[in-house]
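Reader: Before the terms used for this model are accepted, I would like each one to be set against its criterion. Could we go through them together?

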Amino acid sequence: MTLQQVLSSFPGWHIIDMAGGWVAIRANFVPKNSGLSNMRCGETLEELAGNLHAEIRLQKSQRATAGG
């Protein structure tokens, strides 16, 4: 997996190469009490992508529960 693939798969996130891993920061932050994350990390791009997929599933689940 390449950085470009992750960037194109998760357009609402800024992806940063940090020493020893990768960090994704939401372009538009969510409130602290939302149950969602504004930052996700991964040692590799593959791990980061998996964590971002989990975040999106959680966000979709919350929307479905809220009726939206």
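Reader: What share of the contacts between residues at least 6 apart in sequence join residues at least 24 apart?

Author: In this predicted model, 32% of the contacts between residues at least 6 apart in sequence join residues at least 24 apart. The chain in which these contacts are counted has two helices and three strands, and from the N terminus on its elements run α-β-β-β-α.

Reader: What makes the three strands an open sheet, and in which order do they stand?

Author: The order is β1-β2-β3, with antiparallel pairing. Two strands pair if there are at least two bridges between them; six bridges join β1 to β2, and β2 and β3 pair over four bridges, so both pairs meet the criterion of at least two. Among the bridge partners are M18 with G21 in β2, and I25 with M39 in β3. β1 and β3 each have a single partner strand and stand at the edges, so one side of each is left without a neighbour in the sheet. From one strand to the next, the twist averages 20°.

Reader: How do you know that the span of α2 agrees with that of a helix of 22 residues?

Author: At 1.5 Å a residue, the 22 residues of α2 should span 32 Å, and the end C-alpha atoms of α2 lie 31 Å apart, which agrees with the expected value. Just after α2, G67 takes a positive phi of about 85°.

Reader: Which residues of α2 are buried, and what puts them on the same side of the helix?

Author: The buried residues of α2 are L45, L48, A49, L52 and E55. They cover an arc of only 120° around the axis, which puts them on the same side of α2. The face turned away from that buried side carries R57, A64 and T65, which are exposed. The buried residues of α2 pack against α1 (3-9), β1, β2 and β3, and α2 packs on the sheet with its direction at about 145° to that of β3.

Reader: Why is V23 called buried?

Author: The relative accessible area of V23 is 12%, and buried means under 20%, so V23 is buried. V23 lies in strand β2, and, leaving aside residues up to four places away in sequence, V23 touches H14, I15, I16, M18, M39, R40, C41 and L48. Although V23 and W13 are ten residues apart along the chain, their C-alpha atoms are separated by 9.5 Å.

Reader: What makes up the largest nonpolar core, and which element gives the most to it?

Author: Ten residues make up this core, namely V6, F10, W13, I15, W22, A24, L45, L48, A49 and L52. The elements that give two or more residues to the core are β1, β2 and α2, and α2 gives the most, with four residues. One of the core residues, I15, touches L3, V6, L7, W22, V23, A24, L48 and L52, again without residues up to four places away in sequence.

Reader: How do you know that the side chains of β3 alternate?

Author: Along β3, which covers residues 39-42, R40 and G42 point to one face and are buried, whereas M39 and C41 point to the other face and are not buried.

Key
Residues are numbered from 1 along each chain as its sequence is written. This is a predicted model: local features need pLDDT of at least 70, side-chain atom pairs count only at pLDDT 80 or more; totals for chains, interfaces and linings use all residues. Side-chain values use heavy atoms; hydrogens and water are left out. Buried means under 20% relative accessible area, exposed over 50%, partly exposed in between (1.4 Å probe, protein chains only). A nonpolar core is a set of buried Ala, Val, Leu, Ile, Met, Phe, Trp, Tyr and Cys residues joined through side-chain atoms within 4.5 Å. Contact means heavy atoms within 4.5 Å. Axes are lines fitted to C-alpha atoms, for helices over the stretch in contact, and angles run from 0 to 180 degrees between N-to-C directions. The expected span of a helix is 1.5 Å times one less than its number of residues. The arc is that of the directions from the helix axis to the C-beta atoms.
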